Amino acid sequence: MSKSFTRFTGTMAPLPIQNVDTDQIIPASYLKVTDRSGLSSGLFSRWRYRDGDPEGEPISDFVLNRAEHGEARILLAGDNFGCGSSREHAPWALVGYGFRAVISTSFADIFRSNALKNGLLVVPVTEDVSAALFDAVTADPATEVTIDLEARTLSLPGGGETNFEVDPFARRCLLDGTDQLGYLLNQAPAIQAFEAANAARLDTRSD
Amino acid sequence: MSRPRTLFEKIWRRHLVTAEAEGLPATLYVDLHLVHEVTSPQAFTELAERGLPVRRPDLTLATMDHSTPTDPSIDDARLRVLDPEGSAQLDRLLANCEQHGIPLYAMGDERRGIVHVIGPELGATQPGMTVVCGDSHTSTHGAVGALAFGIGTSEVGHVLATQCLLQHRPKTYEVRVDGRLQEGVVAKDIILAVIARLGIGGGTGHVFEYTGEAIRALDMEGRMTVCNMSIEGGARAGLIAPDDVTFAYLEGRPMAPSGDAWEAALDDWRSLPTDKGAAYDRTTTLDGSALEPMVTYGTNPGMAIPIAGAVPEDDAIEPEKRASFHKALDYMALEPGERLQGKPIDVVFVGSCTNSRYSDLLAAANVLRGRKVADGLRVLIVPGSDAVKRQAERDGLAQVFVDAGAEWREAGCSMCLAMNGDQLAPGQYAVSTSNRNFEGRQGAGGRTFLASPLTAAASAITGRVTDVREVLS
């Protein structure tokens with residue numbers, strides 16, 4: 001269920017790596033759960049802990065282990081974030097850790113869809129804006145930005161703001177808490193009409 | 001007469017319950033929903049919490065594949081001890097399917113296998129259908145001319161409850177592969193070359209349609225290999241127009257139409273291919289006759305080179321990508337400019353939804369027949385389904401593998417994602433026929449070279465990354 005999201009101000013955790021795949025966000029060994037909770041310790045575990053073991057020694061230079069980024073709730077990532085596996089455990093782990101948004105120059109399709117269904121905002125920015133944000137957070141880890149979903153704007157560290165694209169329906173769902181499954185269930189008459197007009201060619205129970 | 005349309009467009013339009021409108025996604029009807037143990041439990045919980053039934057159990061099919069053991073000596077009782085979490089997940093799927101009347105191919109069922117192997121094998125995935133599964137390699141089913149794509153667990157819940165998905169229409173991308181493949185070059189090499197060309201985000205927001213002489217010349221299982229890795233190029237789906245090869249493959253399969261229904265289906269399916277003059281949003285063309293066996297060197301499937309080539313030098317990499325390039329090479333313990341051919345390896349894995357079908361095993365067996373795997377090398381051959389396993393045993397392929405010194409396993413996803421105990425040890429190198437060489441994908445610290453079943457089998461003989469053409473000549 002999405003929690004509502006309107007405006008959020010916070011610091012950023014910089015992860016200047018391209019093509020971060022969902023196997024890195026949450027390794028397959030964490031996929032044996034049957035609920036959505038308890039995944040935050042597995043978040044980036046292979047980069048975050050020696051031997052990938054949350055009980056083990058933290059890798060001190062990984063961004064989530066650096067004290068100056070401990071409070072960051074916005075992940076600033078490289079291009080094509082969330083590629084690979086469709087596992088929704090990836091946004092569950094990011095949200096479980098406390099992240100509210102990910103900023104990148106692009107996102108993989110399935111990750112984007114999964115994130116927005118879990119109240120994790122994906123904020124696509126241009127290469128110039130991305131570079132400026134990485135520069136700003138490198139110079140001063142306490143740099144804050146404000147993401148305004150209503151206005152679809154991201155404030156820039158040097159002043160000013162930039163607009164970002166977000167799927168209008170996902171935005172509406174995040175702003176007013178519209179439940180996507182509820183929205184689909186309300187289409188039952190149209191679904192029924194479609195089924196009446198289009199006979200199924202298959203019965204999986206027939207074999 | 002209506003304007004020319006692409007294959008994608010025709011399937012999309014047929015499945016619109018409601019079309020896209022200002023600010024609202026389309027509601028798309030799903031003809032077949034495939035389910036497995038890893039990405040479904042939370043979706044069933046959602047239904048339970050809302051007191052919702054499964055709308056169409058007759059359009060839903062479940063199997064166990066991701067966390068199932070492939071070691072024949074591990075029975076149910078041993079699994080409970082070895083892997084209580086995985087075992088509990090399998091139990092949960094069993095209970096959910098029983099409660100909702102969903103057909104499930106559980107452990108021991110002779111129809112069981114990797115979800116993307118059994119769908120086509122049973123004739124359940126058919127041209128013109130929409131097919132979804134909580135698994136990114138659902139793109140595989142596009143090989144029969146179905147619009148098939150992976151979804152998240154929230155969406156698994158949506159489909160269970162309504163048989164529909166909220167979707168925005170993706171763009172279309174024609175990937176044309178002309179010419180005839182050289183000896184030793186196969187479907188896996190095509191798709192690795194495509195991804196190397198387009199980049200792993202190159203297809204984001206698009207559906208691929210593979211066209212051209214080299215694609216037409218592939219058999220159905222080769223087409224599945226190509227479509228399977230569409231997602232590694234960023235495209236959620238990849239399609240190949242159905243043709244006589246498709247129809248010959250499907251005819252007589254258990255869930256395919258028969259009798260008059262078969263004839264009616266054929267008439268319909270013949271209307272699906274992209275019309276002459278239809279426009280794609282993007283197009284790219286590769287010369288299939290120039291392709292060579294491909295192998296990956298890095299930590300994503302786009303980092304691939306011809307097997308006789310070398311890891312790129314720094315100056316071939318765009319400056320802003322060099323940090324990620326070096327991170328990948330550090331992980332793989334490789335240097336810029338290094339050649340992969342001859343690199344010693346520890347493991348060969350033949351399996352996964354990319355390359356575990358009968359023709360894949362046959363290709364590997366033909367290389368291994370009468371030969372031995374290299375000393376100290378571990379070689380795992382994991383069939384994609386129980387049916388593939390039985391056929392390979394009947395036809396003597398299994399014996400070829402065993403005689404060569406390889407391990408012959410039970411069907412499942414196995415070392416592709418290493419959820420079931422089949423995994424690389426830290427630092428080990430593997431030549432794998434699977435689809436992802438991400439860091440740790442095949443086991444923490446494991447290093448993967450993706451390649452074709454031919455390359456894998458040739459490398460099994462030498463214990464090194466090997467060009468199959470040298471073994472065959």
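Let us start in chain B of this predicted model, where strands S18(B) and S19(B) run parallel and are joined by four bridges. Within this pair, B:Ala430 stands opposite B:Thr448 in S19(B). Strands of a sheet pair through backbone hydrogen bonds, and the pairing may be parallel or antiparallel. Here the two strands belong to an open sheet of five, with parallel pairing and the order S17-S16-S15-S18-S19 in chain B. At its edges are strand S17 (407-408) and strand S19 (447-450) of chain B, each of which pairs on one side only.

Now look for the helix that accompanies this sheet. Helix H16 of chain B, residues 453-462, lies across S15, S16 and S18 of chain B, and runs at about 150 degrees to S15(B). How many of the 10 residues of H16(B) are buried? Nine of them are, so to speak of H16(B) as mostly covered is fair. The buried residues include B:Pro453, B:Leu454 and B:Ile461, along with B:Ala456, B:Ala457 and B:Ala458. What do the buried residues of H16(B) pack against? Their partners are strands S13 (294-296), S15 (347-350), S16 (378-381) and S18 (429-432), together with helices H13 (358-368) and H17 (468-472), of chain B. Just after H16(B) comes B:Gly463, with a positive phi of about 75 degrees.

Let us move over to chain A. Its secondary structure comes to eight helices and seven strands, and its C-alpha atoms fill a box of roughly 60 × 45 × 25 Å along the principal axes. Of the 207 residues in chain A, 45% are buried. Among contacts between residues at least 6 apart in the sequence of chain A, 66% join residues at least 24 apart.

Chain A also has parallel strands to find: S3 (residues 101-104) and S4 (residues 121-124) of chain A are joined by four bridges. A:Ile103 has A:Val123 in S4(A) as its bridge partner. To get from S3(A) to S4(A), the chain passes through helix H4 (residues 109-116) of chain A, in a right-handed β-α-β crossover.

Finally, see where the two chains touch. Chain A gives 52 residues to the contact and chain B gives 68. On the side of chain A that touches chain B, at least two residues come from each of H1 (22-25), H4, H6 (168-176), H7 (180-185) and H8 (188-197) of chain A. By class, that side of chain A has 18 nonpolar, 17 polar and 17 charged residues. Helix H4 of chain A thus appears in both settings: in the crossover and on the side that touches chain B.

Definitions and conventions. Residues are numbered from 1 along each chain as its sequence is written. Chains are lettered from A and ligands numbered from 1 in the order in which they are written. This is a predicted model: local features need pLDDT of at least 70, side-chain atom pairs count only at pLDDT 80 or more; totals for chains, interfaces and linings use all residues. Two strands pair if DSSP finds at least two bridges between them. A crossover is right-handed if, with the strands pointing away from the viewer, the path from the first strand over the helix to the second runs clockwise. A residue is buried if 20 or more other C-beta atoms lie within 10 Å of its own, exposed if 12 or fewer, and partly exposed in between; C-beta atoms are placed from the backbone. Two residues are in contact if their C-beta atoms, placed from the backbone, lie within 7 Å. Ala, Val, Leu, Ile, Met, Phe, Trp, Tyr, Cys and Pro count as nonpolar, Asp, Glu, Lys and Arg as charged, and the others, Gly among them, as polar. Axes are lines fitted to C-alpha atoms, for helices over the stretch in contact, and angles run from 0 to 180 degrees between N-to-C directions.
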